[in-house]
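Reader: I'm new to reading protein models. Could you walk me through this one?

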Amino acid sequence: MSFSTLGLSAELLRAIADQGYTEPTPVQFQAIPVILAGRDIMAGAQTGTGKTAAFTLPMLQRLTPGAGGGKRGAVRALVLVPTRELAAQVGESVRHYGKHLPLTSAMVFGGVNINPQIAQLRAGVDILVATPGRLLDHAAQKTVDLSRVEILVLDEADRMLDMGFIHDIKKVLALLPKGRQNLLFSATYSDDIKKLADRLLDSPALIEVARRNTASETVAQVAHPVDRIRKRELLAHLIKSGDWRQALVFARTKHGASRLAEQLQKDGITATAIHGNKSQPQRIKALADFKAGVVRVLVATDIAARGLDIDQLPHVVNFELPNVAEDYVHRIGRTGRAGYSGEAVSLVCVDEHKLLTGIERLTNRDIPKVVIPGFEPNPSPQTTPTPTPNAGRGRTQQTRAPGQSRDNRDKRAGHGARSAPKGGENQSAGLTKGR
Ligand code: AMP
């Protein structure tokens, strides 16, 4: 199966070849011809399935001069996304795939100066990728004209609803013309998503590609039992002995993520953290440095990592297991994407065994447990609570692991035992939200 049978133009096929893609992914194969035909779609597809190209390629083709003919200056396609990071990624895809076409695009999201966005919109933009909050700011200031939108894409619609964007979405819908094509992408089908789809879509084609909770077959999963206080040391050992070039490491709290990145730096491993307390420019820089290989390790919280698209990421590490088993599937979906193989490593201490069992039940597979020589867990451990995003600041007593100095113990206990301030990552979802 090749892209050339899907009805895409020579310019788009060239851009696809430039990206190095040889064949369409299942969602692309199913969605592209239907979107080209002008139909609405409702697609169940998660990040990592190639969904961005599945809507971007046919959208670009339908907007290409000759195929439409909108007024210069008015937005002709609007892509709504839940987070700034996803906006930046989708915007980048639009630019890549559209590079041989005479179309203009822009991204608008919060957390950055609005004036350059206004200047871009004024100059005329065919395709606008936006988070709902900032888009409404522009609408209120009359710096965006949405009256000529021909195609609307709601990307990661379930996440937008989870983040409380339904009212903003309704306000945006009210600004759009009635006769338009609507494309809705969602990883899950809740009742709220069905309601939104009913209201929005006109006899949509239904496309379903990846069953939810299916851990990618191309990801090798392993769990290393280890004492909590030795996790950082084990991680450094795995990175160094395995000569890992690039690893995305998940921590539960913003504080824990920052601290781990600092400690790895001290161990001689270049690392940076990405989470909701970082400013937008800091986050963009962290991601760019990681993608460019300037830093080997990116430590992230779940919310900050949503929508991150890093090509062929070889290693994902759960420094702490997530409380919610579904988040494990999202996390390891960062590797082994679009057919590349990857490895997902979980560092599991005694009080996380229950979480691991929950994950195995959800994904319906056993995750092999491999003890790394030299890091055998203490057979009679005293457990310490895993840090949670919203827990208080109190320190927890911790026992010294065999063979460890007091200094080391104190340093490490600081990571495992100290929790984030109140109002942790969960409550700060608004920071990545599009205002
Ligand atoms: P997405 O699900 O849109 O976030 O895409 C996931 C990843 O797959 C991105 O890194 C894309 O660059 C990549 N990708 C998209 N389509 C293809 C394809 N047909 N072949 C190989 N990689 C692809």
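Author: Happily; here are a few strands, a sheet and its helices, one question at a time. This is a predicted model, in which local features need pLDDT of at least 70 and side-chain atom pairs count only at pLDDT 80 or more, while totals for chains, interfaces and linings use all residues. Residues are numbered from 1 along each chain as its sequence is written, and side-chain values use heavy atoms, leaving out hydrogens and water.

Reader: Why is strand β6 called largely enclosed?

Author: Buried means under 20% relative accessible area, with a 1.4 Å probe and protein chains only. Six of the six residues of β6 (residues 181–186) meet that, so the strand is largely enclosed by the rest of the structure. Gln181, Leu183 and Phe185 are buried on one side, and Asn182, Leu184 and Ser186 on the other.

Reader: How do you know that β1 and β6 pair?

Author: A strand is a DSSP run of E with at least two residues, numbered from the N terminus, and two strands pair if DSSP finds at least two bridges between them. Strand β1 (residues 41–44) has four bridges to β6, in the parallel sense, so by that definition they pair. One of the partnerships is Ile41 with Leu183.

Reader: What makes β8 and β10 edge strands?

Author: The open sheet has six strands in the order β8-β13-β12-β9-β11-β10, with parallel pairing. β8 (219–225) and β10 (271–274) each have a single partner strand, so one side of each is left without a neighbour in the sheet.

Note on methods:
Buried means under 20% relative accessible area, exposed over 50%, partly exposed in between (1.4 Å probe, protein chains only).
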